[in-house]
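Me: I'm new to this structure and would like a close look at a single part of it. Could you pick one spot, walk me through it, and then show me how the rest fits around it?

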Amino acid sequence: YGFLKRKRSYLGVLPFLSATTIFLIYPTIYVILGAFRDLKGKPSVKILKQTFFDESTRRAFGNTIELSAKTAILGAVLGALVTWAVASGKDGYAKKIVLSFSGVLSQFGGVMLTFAFLATFGFNGVISSIFVKAAPNSFLAQSSWLYSLNGLAVVYTFFQIPLMVLVFLPTIENMKPQWREASDQLGGNASEYWVRVGIPVLTPSFFGAMLLLFVNSFSAYATAATLINMSDFLTPLQIGNALSSEVGGANPQEAKALSLAMVIVVIIVMALYAQIRRRVSRWESSR
């Protein structure tokens, strides 16, 4: 009875563990095992080799890595600046509004986000129409940039910045004002404070948040699918096309092979993120 009484405290996490098993662990195992089978379900690495050595697959995987890296860096830098501005302000309505908008916009993607950018910067968009008349040779007068890799990076950054605000804000708020006061009393100026105290303290959390943004962009699908109708442009689009091809080219085993490659990248990135978070946790517990 004593054993059951001690274990009863874990009952509260059973729903979470059940959901994690059903929607995360089982699909991951299913994909990994399925990647090493052929179309008949027999153990084989034929489709895995064909997928990895395909030119379009390597190009799409490279585009996905590049897009994720660009949006992670842009989102982390711009989001950190916004976070610092929010943390430096007073705890008033403006801060609550920014945090509320960040929570909403971090999940704002897919068709609605694509429509917003098309209505603004696309052909016949509001901004494009204005610049076509006012400055026809300017960058914003040409809407073709929106449908490129850099244009997609701009769209992705729209939801990366608010996510960075939510992730990075606790670290900024954990910085004690006494550190700045001690630096001032010892004769240090603002630049010396940031070089010797601020940046070293914030760097682990900053790179950890950047890795999280990388994974968030790496697995995004709906926004790219509605903006760029090219199945071999990004790996998530290739997976979607392999699962539901409209021209009879569906290949679930190819989708599993591509998913395996994405799972490997995510595992590596999240392992690095876990190491950084462990270091940050040690600092937070000892401060």
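Reply: Sure, let's start with one small pairing in this predicted model. The side chain of serine 143 makes a polar contact with the side chain of serine 128, at 3.1 Å. Where does serine 143 sit? It's found in the loop between helix H7 (126-134) and H8. Is serine 143 buried or exposed? It counts as buried, because its relative accessibility is 3% and the cut-off for buried is under 20%. Leaving out residues up to four places away in sequence, serine 143 touches Phe121, Gly122, Phe123 and Ser128. Threonine 114, which is 29 residues away along the chain, has its C-alpha atom 14 Å from that of serine 143.

Now let's zoom out. The protein chain has 13 helices and zero strands, and its C-alpha atoms fill a box of roughly 80 × 70 × 35 Å along the principal axes. Of its 287 residues, 36% are buried. If you take the contacts between residues at least 6 apart in sequence, 71% of them join residues at least 24 apart.

H8, the helix on one side of our serine's loop, leads us to the largest nonpolar core, which has 28 residues. Helix H4 (55-88), helix H8 (149-173), helix H10 (190-218), helix H12 (235-243) and helix H13 (252-286) each supply at least two residues of this core. H10 gives the most, with 10 residues. Among the residues with the most contacts inside the core are Ala76, Met164 and Phe206. Alanine 76 is a handy one to click on: it touches Thr71, Met164, Phe206, Met210 and Leu213, again skipping residues up to four places away in sequence. There's also a second, separate core of 18 residues, which includes Ala153, Ile228, Phe233 and Leu237.

What about empty space? The largest pocket holds about 640 Å³. It's lined by 22 residues, and the closest to its centre are Thr28, Val31, Ser259, Met262 and Val263. Helix H2 (14-34), H12 and H13 each supply at least two residues of that lining, with H13 giving the largest share, nine residues. As for character, the lining divides into 18 nonpolar residues, three polar and one charged. So H12 and H13 are worth finding on screen, because these helices, counted as DSSP runs, each supply at least two residues to the largest core and at least two to the pocket lining.

Technical notes:
Residues are numbered from 1 along each chain as its sequence is written. Side-chain values use heavy atoms; hydrogens and water are left out. A nonpolar core is a set of buried Ala, Val, Leu, Ile, Met, Phe, Trp, Tyr and Cys residues joined through side-chain atoms within 4.5 Å. Buried means under 20% relative accessible area, exposed over 50%, partly exposed in between (1.4 Å probe, protein chains only). Helices (H or I, at least four residues) and strands (E, at least two) are DSSP runs, numbered from the N terminus. Contact means heavy atoms within 4.5 Å. On a 1 Å grid over the protein atoms alone, a cavity is a set of points where a 1.4 Å probe fits but cannot get out, and a pocket is an open set with protein on both sides within 12 Å along at least five of seven lines; lining residues have an atom within 4 Å of a point. Grid points are joined across faces, edges and corners, and a volume is the space filled by probe spheres set on the points. Ala, Val, Leu, Ile, Met, Phe, Trp, Tyr, Cys and Pro count as nonpolar, Asp, Glu, Lys and Arg as charged, and the others, Gly among them, as polar. A polar contact is a pair of N or O atoms within 3.5 Å; within protein, one must be able to donate a hydrogen and the other to accept it, and residues adjacent in sequence count only if both atoms are side-chain atoms.
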